[in-house]
Amino acid sequence: MLSATGNTPEIVELSVSSWFYRNRAIAGFENPARSLYVSIRELLENSLDACETINVLPGIRVVLTNKDETTSEDLFSADPQVLNLTVRDNGPGIQKENVPRLLGKMLTGTKFQYKQSRGTFGLGGSLALLYGQVTTQQPIRIKTGLIDSDYYTILQMRLDIEKNTPIIIDESQTPKPISEHGTSISYSLKGDWLRSKKRIISYFDQTSVMVPYSSLRFETPDGEVFAYPRVSVNMPPAPKEMLPHPRGIDVEMLKQMVVETKTRTLLSFLTSSFQQIGKKTATDFLIETQLDAKKNPSNLNLDDFLRMMDAFETFPKFRAPSADSLAPADEELLTAGLSRLNPEFIVARQRDPNVYSGHPFIIEVGIGYGGALSSGLSLLRFANRIPLLYDESSDVSNRIIRNLNLKKYGLKQDDPLVFLVHMCSTKVPYKTVGKEYIADVDVVRKEISLGLMDCLRRLGELVRKKHKATRKMRRENRLTNYYSFIANTLESSSKSSVSLAKLFSSLEVNKNE
Ligand SMILES: Nc1ncnc2c1ncn2[C@@H]1O[C@H](COP(=O)(O)OP(=O)(O)O)[C@@H](O)[C@H]1O
Ligand SMILES: [Mg+2]
């Protein structure tokens with residue numbers, strides 16, 4: 001860009017929010033259809049995360065309408081793509097003074113710890129609100145109430161995109177029963193409901209499978225209501241926050257940890273900043289890297305950093321990362337979730353924890369067969385309990401399923417089958433920032449394949465048993481029909497000299513032969 005007065009290029013410094021808004025397509029805000037889907041997804045996921053942090057069974061209501069939320073007037077008829085979205089949850093609420101920063105500022109959040117959560121970058125919800133404001137020029141309305149408080153705070157907010165700061169334009173309070181708590185976010189946005197409807201509804205369907213302990217309700221602009229009542233009251237235990245594992249960090253992270261540490265020696269830095277490094281492992285590690293155990297971490301130079309990073313990758317004595325930071329669904333919950341689809345058989349398996357590039361992960365798989373399922377294979381993919389709906393053909397699970405030899409298990413391609421694959425990890429290997437499909441990492445592929453094969457073996461047994469039982473029943477039915485046919489024929493024949501009782505007893509003998 002050239003300045004107006006001369007030919008010196010003008011230097012422009014973009015704010016974080018301005019940068020993200022310009023590049024919003026990388027986070028999925030590509031067009032009005034996909035933006036609507038991503039907005040609902042981001043807000044719903046924030047609500048689920050929020051409820052799970054306080055171990056409350058989520059009850060979430062999502063209302064999408066083309067009417068004004070407060071007056072119910074059809075204010076947006078001039079532009080049918082302007083919609084109003086409200087997401088209300090029973091989470092912990094947000095402290096009034098934190099609302100603007102958490103929801104009005106990019107890259108600000110409470111989920112930057114080393115544990116599994118749906119949100120990761122402090123970005124999704126804030127970007128969804130910013131998208132809404134830029135496309136409709138309307139302010140955002142947030143109503144939030146904390147546990148044990150007797151009032152809701154209601155804030156109206158605008159976002160200053162150039163400065164990446166929120167501006168509060170109105171603030172009030174209203175009384176609330178002490179037992180209620182949670183957050184409701186309401187704002188307008190441009191979205192293409194007709195083109196995104198199918199996908200948004202499957203997003204709700206699939207979310208309800210993965211969080212069967214939640215009660216979800218989605219009200220559409222067409223006046224339809226999709227209600228997903230809770231089918232289980234067992235919530236998986238919340239993941240624990242852990243220290244990072246040495247294999248999963250990069251130079252920048254290491255530098256940051258050195259800046260933040262209060263320790264004075266490398267030995268204590270290693271034992272207190274990482275998981276799975278005790279005193280003995282740390283001593284051996286420092287001998288191998290030829291670093292002085294007594295050196296103050298703040299005196300590390302670039303060469304020391306690089307040497308440490310190399311050794312983090314190759315040192316053989318670190319134990320595998322702990323899986324305590326993960327929150328898998330477990331087999332019982334997966335079965336409850338799949339039962340929402342009403343199949344005849346459900347088989348679910350959870351694999352043991354494994355590790356890729358220093359990040360712990362757990363694979364869970366499930367297969368539903370028959371019942372209300374339609375014929376042919378379908379796949380439900382989840383990562384950290386988020387349904388993945390786009391780019392299925394590129395996902396590792398899809399490749400595995402396409403290559404399965406179903407015949408080996410007595411099954412066919414056109415059998416009514418639904419496959420479910422869930423990966424949970426402190427770092428899911430997404431291929432893109434849009435978080436839509438999982439990369440083909442060797443160890444991940446192996447875990448998914450083994451899990452599915454295990455389920456298929458069990459399912460094969462069940463289906464074989466069922467076929468056997470059906471065949472037996474059919475044979476018996478045929479025989480019964482045959483006997484009654486003979487009986488009727490004989491009865492109607494007055495000339496018959498054989499007593500019916502005698503005939504039946506002889507047929508019984510034949511049947512048992
Ligand atoms: N419904 C909610 N209830 C409580 N806190 C919330 C809610 N929605 C968002 N937050 C807070 O706002 C932060 C920013 O949200 P977001 O921009 O979506 O980023 P992320 O979810 O990646 O952290 C979250 O980390 C969380 O602390
Ligand atoms: Mg989020």
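Which residues does Phe218 touch, not counting residues up to four places away in sequence? The legends below take up this question and then move on to other parts of this predicted model.

**View 1. Phe218 and its neighbours.** Phe218 touches Ile40, Val62, Leu64, Trp193, Ile200, Ile201, Phe204, Glu224, Val225 and Phe226, leaving aside residues up to four places away in sequence. Look for Ile40, Val62 and Phe204 again in the next view, where they appear beside Phe218 in a list of core residues.

**View 2. The largest nonpolar core.** This core has 61 residues. Those that touch the most other members are Ile40, Val62, Leu85, Tyr187, Phe204 and Phe218. Residues come to this core from both domain 1 (17-228) and domain 3 (323-462), so the core lies between them. Another core, of 32 residues, lies apart from it; Ile400, Ile401, Cys455 and Leu459 are among its members.

**View 3. The surroundings of ligand 1.** Here you can find the 20 residues around ligand 1, of which Asn46, Thr110, Lys111, Gly125 and Ser126 come nearest. Three side chains are worth picking out for their polar atoms. In Asp89, a side-chain N or O atom is 2.8 Å from a nitrogen atom of ligand 1. In Thr110, a polar side-chain atom lies 2.5 Å from an oxygen atom of the ligand. In Ser126, an N or O atom of the side chain is 2.8 Å from an oxygen atom of ligand 1. On its own, ligand 1 exposes 530 Å², and the protein buries 94% of that. Helping to form the shell are α2 (32-53), α3 (99-104) and α4 (124-136), the elements that each give two or more residues to it.

**View 4. Thr136 in helix α4.** This view stays with α4, where Thr136 has its place. Is Thr136 buried or exposed? With a relative accessible area of 12%, Thr136 counts as buried, because buried means under 20%. Thr136 touches Val82, Ser188, Leu189 and Lys190, again not counting residues up to four places away in sequence. A polar atom of the Thr136 side chain lies 2.8 Å from the backbone oxygen of Gly132. The Thr136 side chain also reaches the backbone oxygen of Ser188, at 3.4 Å.

**View 5. From Thr136 to Ile287.** To end, try stepping back from Thr136 to find Ile287. These two residues are 151 residues apart in sequence, and their C-alpha atoms are 61 Å apart in space.

Notes. Residues are numbered from 1 along each chain as its sequence is written. Chains are lettered from A and ligands numbered from 1 in the order in which they are written. This is a predicted model: local features need pLDDT of at least 70, side-chain atom pairs count only at pLDDT 80 or more; totals for chains, interfaces and linings use all residues. Side-chain values use heavy atoms; hydrogens and water are left out. A nonpolar core is a set of buried Ala, Val, Leu, Ile, Met, Phe, Trp, Tyr and Cys residues joined through side-chain atoms within 4.5 Å. Buried means under 20% relative accessible area, exposed over 50%, partly exposed in between (1.4 Å probe, protein chains only). Domain bounds come from an automatic or database domain assignment. Contact means heavy atoms within 4.5 Å. A residue is near a molecule or strand if one of its heavy atoms lies within 4 Å of it. A polar contact is a pair of N or O atoms within 3.5 Å; within protein, one must be able to donate a hydrogen and the other to accept it, and residues adjacent in sequence count only if both atoms are side-chain atoms. Accessible areas come from the Shrake-Rupley method with a 1.4 Å probe; for residues, only the protein chains shown count as cover. Helices (H or I, at least four residues) and strands (E, at least two) are DSSP runs, numbered from the N terminus.
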